[in-house]
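Student: I'd like to go through this model and check why things get the labels they do. Can we take it one label at a time?

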Amino acid sequence: MQMEWLSTAVDFGVIGLLTMLSIVVVAVALERLFFYRSVDLTRFASVKTLELELTARLVVIASVASNAPYIGLLGTVLGIMLTFYNMGLDASADASKIMAGLALALKATAVGLVVALVSVSSYNALVRRAKVLMLKWEIAHG
């Protein structure tokens with residue numbers, strides 16, 4: 001079929017991309033967490049320099065958090081397009097084919113939302129930890 005590639009695009013393209021992005025988010029979050037645990041506040045001359053170090057790479061997590069739902073939505077649209085295309089080819093409109101296409105579409109949405117939730121939670125926790133470290137620096141330096 002001409003539109004069969006959409007099923008592969010949703011499964012391996014959209015969901016694969018979301019999976020890769022979630023791995024990136026977890027890797028960056030872990031790197032930041034380990035950095036926060038080992039940071040020596042005394043080596044920073046100013047709070048601005050400290051802030052730059054603490055917030056490095058957080059933009060990656062924020063970007064994934066804001067875009068993952070849209071990538072999931074793209075998968076949903078592609079899955080629904082595939083379902084309608086298959087319905088148009090088969091006049092009998094087999095319910096199992098329709099449900100399989102809709103399930104694929106909803107799977108992409110669910111994965112996008114899960115990735116976004118993990119990213120937003122990670123981002124908020126890391127920003128909070130960075131603020132605490134900056135406050136500790138300000139307290140120590142009067």
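**Checking the labels**

Student: What makes Arg57 count as partly exposed?

Tutor: Its relative accessibility is 42%. Buried means under 20% relative accessible area, exposed over 50%, and partly exposed in between (1.4 Å probe, protein chains only). So at 42%, Arg57 counts as partly exposed. Before we go on: this is a predicted model, where local features need pLDDT of at least 70, side-chain atom pairs count only at pLDDT 80 or more, and totals for chains, interfaces and linings use all residues. Residues are numbered from 1 along each chain as its sequence is written, and side-chain values use heavy atoms, with hydrogens and water left out.

Student: Where does Arg57 sit, and what is its phi?

Tutor: Arg57 is in the loop between H2 and H3. Its phi is positive, about 70°, although Arg57 is not a glycine. Just after H4, Gly142 takes a positive phi too, of about 65°. The helix labels are DSSP runs (H or I, at least four residues), numbered from the N terminus.

Student: How do you know that Glu31 and Arg57 form a salt bridge?

Tutor: You need a side-chain nitrogen of Lys or Arg within 4 Å of a carboxyl oxygen of Asp or Glu. For Glu31 and Arg57, the closest N and O atoms are 3.1 Å apart, so the pair passes. Glu31 lies in helix H1 and Arg57 in the loop between helix H2 (47-54) and helix H3 (58-89), so this salt bridge ties together parts that are 26 residues apart in sequence.

Student: What else does Glu31 pair with?

Tutor: Arg32, with N to O at 2.8 Å. By the rule, the count comes to two salt bridges. Because they share partners, Glu31, Arg32 and Arg57 end up in one network.

Student: Why are Glu31 and Arg32 given unlike burial labels?

Tutor: Glu31 has a relative accessible area of 30%, so it is partly exposed. Arg32 is at 2%, so it counts as buried.

Student: What surrounds Arg32?

Tutor: Arg32 is in helix H1 (residues 4-38). Contact means heavy atoms within 4.5 Å, and leaving out residues up to four places away in sequence, Arg32 touches Glu53, Leu54, Thr55, Ala56, Arg57, Leu58 and Leu126. With Leu54, a polar atom of the Arg32 side chain lies 3.3 Å from the backbone oxygen.

Student: Which contacts does Ser119 have, and is Ser119 buried or exposed?

Tutor: Ser119, in helix H4, is at 1% relative accessibility, so it counts as buried. Leaving aside neighbours within four places in sequence, Ser119 is in contact with Val25, Ile61, Val64 and Ala65.

Student: What makes Leu33 eligible for the nonpolar patch?

Tutor: Patches take residues with over 30% relative accessible area and no salt bridge; like charges are joined within 9 Å, nonpolar side chains (Val, Leu, Ile, Met, Phe, Trp, Tyr) within 5 Å. Leu33 in helix H1 is at 31%, so it clears the area cut-off. The patch is Val26, Leu30, Leu33, Phe34, Val114 and Val118, with about 500 Å² of accessible area together. H1 gives the largest share, four residues, and H1 and helix H4 (95-140) each supply at least two.

Student: How do you know that the length of H4 agrees with its residue count?

Tutor: The expected span is 1.5 Å times one less than the number of residues. For the 46 residues of H4 that gives 68 Å, and the end C-alpha atoms are 67 Å apart, so the two agree.

Key
A polar contact is a pair of N or O atoms within 3.5 Å; within protein, one must be able to donate a hydrogen and the other to accept it, and residues adjacent in sequence count only if both atoms are side-chain atoms. Accessible areas come from the Shrake-Rupley method with a 1.4 Å probe; for residues, only the protein chains shown count as cover.
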